[in-house]
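User: Please take a close look at one part of this structure, namely the aromatic pair and its surroundings. I would like a connected account suitable for a first-year student.

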Amino acid sequence: MSADSAATGAERAGEVADREFAVALARLGIDMPPDLAPGVLAGYRSLRAQMELLRERERGSADV
């Protein structure tokens, strides 16, 4: 995988996370102040990345 395709994949994952979070907020009727959005979205993206790492680890240990 090249550095360009990895960056593009990360950008897509970030966009997906942003849309997913926006949908969750809308469903719950939560209005996020625009000045807080960058920090909240960064935290959400980080949690998604951690969840994926844990899932990969669980899948890997199931193979053992």
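Analyst: The account below begins with the chain as a whole and then turns to the aromatic pair and its surroundings. The model is a predicted one.

The chain contains 2 helices and 0 strands. It has 64 residues, and 11% of them count as buried. Its accessible surface amounts to about 5,300 Å², and carbon and sulfur atoms account for 59% of that surface.

We now come to the part in question. When the whole structure is searched, 1 aromatic pair is found. Its partners are Phe 21 and Tyr 44. A pair of aromatic rings is described by the distance of the centres and the angle of the planes. For Phe 21 and Tyr 44, the centres are 4.8 Å apart and the planes stand at 40° to each other. The pair is classed as tilted because planes under 30 degrees apart count as stacked, those over 60 as edge-to-face, and the rest as tilted.

The pair also links distant parts of the chain. Phe 21 belongs to helix 1, which covers residues 3-28, while Tyr 44 belongs to helix 2, which covers residues 37-62. In sequence the two residues are 23 residues apart.

Is each ring residue buried or exposed? Both Phe 21 and Tyr 44 are buried. Each of them also belongs to the largest nonpolar core, whose 5 residues are Ala 17, Phe 21, Leu 25, Leu 41 and Tyr 44. Helix 1 and helix 2 each supply at least two residues of this core, and helix 1 gives the most, with 3 residues. As a general background, nonpolar side chains in soluble globular proteins tend to be buried together.

The contacts of Tyr 44 add detail to this picture. Leaving aside residues up to four places away in sequence, Tyr 44 touches Ala 17, Glu 20 and Phe 21.

Two of these contact partners, Ala 17 and Glu 20, appear again in the lining of the largest pocket. This pocket holds about 190 Å³ of space. Its lining also includes Ala 10, Ala 13 and Gly 14, as well as Arg 45, Arg 48 and Ala 49. Helix 1 and helix 2 are the elements that give two or more residues to this lining. Here helix 2 gives the most, with 6 residues.

Helix 2 also holds Pro 38. Pro 38 has a relative accessibility of 56%, so it counts as exposed, whereas Tyr 44 is buried. The C-alpha atoms of Pro 38 and Asp 18 lie 10.0 Å apart in space, and these residues are 20 residues apart in sequence.

Definitions and conventions:
Residues numbered from 1 in each chain as written. Predicted model: local features only at pLDDT ≥ 70, side-chain atom pairs only at ≥ 80, totals over all residues. Heavy atoms only, no water. Helix = DSSP H or I, 4+ residues; strand = E, 2+ residues; numbered from the N terminus. Buried < 20%, exposed > 50% of the residue type's maximum accessible area, 1.4 Å probe, protein only. Areas by Shrake-Rupley, 256 points an atom, 1.4 Å probe, with all protein chains shown as cover. Phe/Tyr/Trp six-rings, centres within 6.5 Å; stacked < 30°, edge-to-face > 60°. Core = buried A, V, L, I, M, F, W, Y, C linked by side-chain atoms within 4.5 Å. Contact = heavy atoms within 4.5 Å. 1 Å grid on protein atoms, 1.4 Å probe; cavity = no way out; pocket = protein on both sides within 12 Å on 5 of 7 lines; lining within 4 Å. Points joined across faces, edges and corners; volume = space filled by probe spheres on them.
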